[in-house]
Amino acid sequence: LVTAYAGDDAAIEGLKAGADDYVAKPFSARGLLARVEGQIELSRSRRHTQQLNACLVRFSDAARNLTDPEDMMRAACQMVAGQLEAEQVDWLPIEPRPALHVVEVAPAARPGLATRESSPLISGEPFASAYRQGQSVVVNDTQADPRLPVAVKQALAEIGVGAAICVPVVADGGLRGLLCVTQRSPRRWMPDMVALAEGIAG
């Protein structure tokens with residue numbers, strides 16, 4: 001609300017009427033622009049939070065009747081793949097169980113992504129250290145990320161991973177597996193995307 005009326009009473013009345021902000025004249029164009037941008041970002045954050053909560057509710061409803069851990073992880077992969085429009089979502093178990101994956105967009109050949117022992121998403125750094133601390137690893141561009149050693153970059157290039165979100169799944173005090181979202185090309189993962197993967201994996 002932009003107005004010539006100044007003072008606390010006018011501001012309170014305007015906010016009660018439904019205004020998101022109250023700007024009294026005279027005002028600077030830069031200050032007004034900053035306020036508008038702040039409100040847009042706040043609105044976007046609220047919308048993302050609502051979408052995340054709705055997605056988590058849908059996943060909870062879908063998983064309520066599932067008793068098999070692999071069925072549950074398959075449902076998690078499908079939910080994350082659909083919400084993030086991801087090329088591939090993998091459940092990489094730390095214990096010796098078959099890996100599960102969901103492909104939403106038909107990929108080119110991607111050999112060995114879900115192999116437990118060989119995947120750099122599990123054993124490479126900084127991935128392994130972060131998982132031990134219960135932290136997710138987010139990589140927007142595997143070939144440009146300065147945290148990744150050359151050997152890890154090469155290994156990821158060989159299996160066709162250009163971007164990744166990897167979320168550790170911890171149960172009974174131990175690391176049980178990883179929920180990994182991957183793309184062949186670099187992708188900027190937004191905080192709400194990471195939060196969604198973490199919320200479903202958790």
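**Group meeting: a buried glutamate and two nonpolar cores**

Let me start with E87, whose side chain reaches the backbone nitrogen of R184 at 2.8 Å, a polar contact in the sense of a pair of N or O atoms within 3.5 Å, where within protein one must be able to donate a hydrogen and the other to accept it, and where residues adjacent in sequence count only if both atoms are side-chain atoms. This is a predicted model, in which local features need pLDDT of at least 70 and side-chain atom pairs count only at pLDDT 80 or more, while totals for chains, interfaces and linings use all residues. Residues are numbered from 1 along each chain as its sequence is written, and side-chain values use heavy atoms, with hydrogens and water left out.

E87 lies in the loop between α3 and β3, helices (H or I, at least four residues) and strands (E, at least two) being DSSP runs numbered from the N terminus. With a relative accessible area of 11%, E87 is buried, that is, under 20%, with exposed meaning over 50% and partly exposed in between (1.4 Å probe, protein chains only).

Turning to the nonpolar cores, meaning sets of buried Ala, Val, Leu, Ile, Met, Phe, Trp, Tyr and Cys residues joined through side-chain atoms within 4.5 Å, the largest has 23 residues, and V80 and W189 are among those that touch the most other members. Its largest share, seven residues, comes from α3. Leaving aside neighbours within four places in sequence, V80 is in contact (heavy atoms within 4.5 Å) with residues including V89, L179 and I200. A second, separate core of 16 residues includes L121 and V137.
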